[in-house]
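Please look over the chain below before reading on. The paragraphs after it go from the overall make-up to single residues.

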Amino acid sequence: MKTKNRQANVGLMKQRLTIQYYNLSSDGMGGNTQTWNTLATVWGNVSAVSGRESYEIGGLKGKVKYKIITRYRDDFVSAGYDRATYDYLLRIQYDGRTFNVDYAQDKGEEHSYTELMAVEDD
């Protein structure tokens, strides 16, 4: 039986990534506490795929979009950017850097790899 052509090379997943999710909990005083909890630490690959520059308050700012590939996990495919509240619900920590996840998808819908698109936090 033939299998589909895999779209990611496991040998390229050499970066140790910490996947975190956003949690909002009551502080007991009528307010909320915002925290980031670790979901998993996995092997993956982080690569820049596009970039742009724009003028914002304070001068010229650059924004780079990253593609992050990991082994498939069904617990974060639906997480990502919440357009209703303009919050990032999932982020990746890698080598002292933080990447806010726009979306996560099952690459090729084969349950082999997850592709995350993210931007680096300033």
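What follows is a walk through the fold, its confidence, and the side-chain pairs and loop residues that can be picked out.

The model is predicted, so a sensible place to begin is the confidence that comes with it. The average pLDDT over the chain is 79, and 73% of the residues reach at least 70. Confidence is lowest in strand S4, residues 81-82, where the mean is 56. At the other end, strand S6, residues 90-94, has the highest mean, 93. Where pLDDT is low, the predicted coordinates should not be read in detail.

The make-up of the chain can be stated briefly. There are eight strands and zero helices, and read from the N terminus the order of elements is β-β-β-β-β-β-β-β. Of the 122 residues, 30% are buried. The chain exposes about 8100 Å², and carbon and sulfur atoms supply 45% of that area.

How are parts far apart in sequence brought into contact? If contacts between residues at least 6 apart in sequence are considered, 52% of them join residues at least 24 apart. A single pair of positions gives an example of sequence distance set against distance in space: Val64 and Ala118 are 54 residues apart in sequence, and their C-alpha atoms are 8.6 Å apart. Val64 belongs to strand S3 and is partly exposed, with a relative accessible area of 33%.

The charged side chains come next. How many salt bridges does a search of the whole structure find? The search finds two. One of them joins Asp102 and Lys65, whose closest N and O atoms are 2.2 Å apart. Asp102 is in strand S7 and Lys65 in strand S3, residues 59-71, so this salt bridge ties together parts that are 37 residues apart in sequence. Is Asp102 buried or exposed? Asp102 counts as buried because its relative accessible area is 17%, below the cut-off of 20%. Lys65, at 25% relative accessibility, is partly exposed.

The other salt bridge is formed by the side chains of Glu120 and Arg97, with an N to O distance of 2.9 Å. Glu120 is in strand S8 and Arg97 in strand S7, so the pair ties together parts that are 23 residues apart in sequence. Both partners are partly exposed: Glu120 has a relative accessibility of 26%, and Arg97 has a relative accessible area of 28%.

Aromatic rings offer another set of links. A pair of aromatic rings is described by the distance of the centres and the angle of the planes. The structure holds two aromatic pairs. In one, the ring centres of Tyr22 and Trp36 are 5.5 Å apart and the planes stand at 65°, so the pair is edge-to-face. This pair links distant parts of the chain, with Tyr22 in strand S1, residues 15-26, and Trp36 in strand S2, residues 32-56, 14 residues apart. Trp36 is partly exposed, with a relative accessible area of 27%.

Tyr66 and Phe99 form the other aromatic pair, which is also edge-to-face, at 4.9 Å centre to centre and 75° between the planes. Tyr66 lies in strand S3 and Phe99 in strand S7, so these rings tie together parts that are 33 residues apart in sequence. Tyr66 is buried at 10% relative accessibility, and Phe99 is buried at 0%. Strands S3 and S7 also hold the partners of the salt bridge between Lys65 and Asp102.

The last stop is the loop between strand S7, residues 97-107, and strand S8, residues 113-120. Most residues other than glycine have a negative phi. Which residues in this loop have a positive phi? Glu109 is one of them: its phi is about 50° although Glu109 is not a glycine. His111 also has a positive phi, near 60°, and is likewise a residue other than glycine. Glu109 is found in the loop named above, as is His111, between S7 and S8. Glu109 counts as exposed because its relative accessibility is 71%, and His111 is exposed as well, with a relative accessible area of 52%.

Methods
Residues are numbered from 1 along each chain as its sequence is written. This is a predicted model: local features need pLDDT of at least 70, side-chain atom pairs count only at pLDDT 80 or more; totals for chains, interfaces and linings use all residues. Side-chain values use heavy atoms; hydrogens and water are left out. Helices (H or I, at least four residues) and strands (E, at least two) are DSSP runs, numbered from the N terminus. Buried means under 20% relative accessible area, exposed over 50%, partly exposed in between (1.4 Å probe, protein chains only). A salt bridge is a side-chain nitrogen of Lys or Arg within 4 Å of a carboxyl oxygen of Asp or Glu. pLDDT is the predictor's confidence in each residue, from 0 to 100. Rings of Phe, Tyr and Trp (its six-membered ring) pair if their centres lie within 6.5 Å; planes under 30 degrees apart count as stacked, over 60 as edge-to-face and the rest as tilted. Contact means heavy atoms within 4.5 Å. Accessible areas come from the Shrake-Rupley method with a 1.4 Å probe; for residues, only the protein chains shown count as cover.
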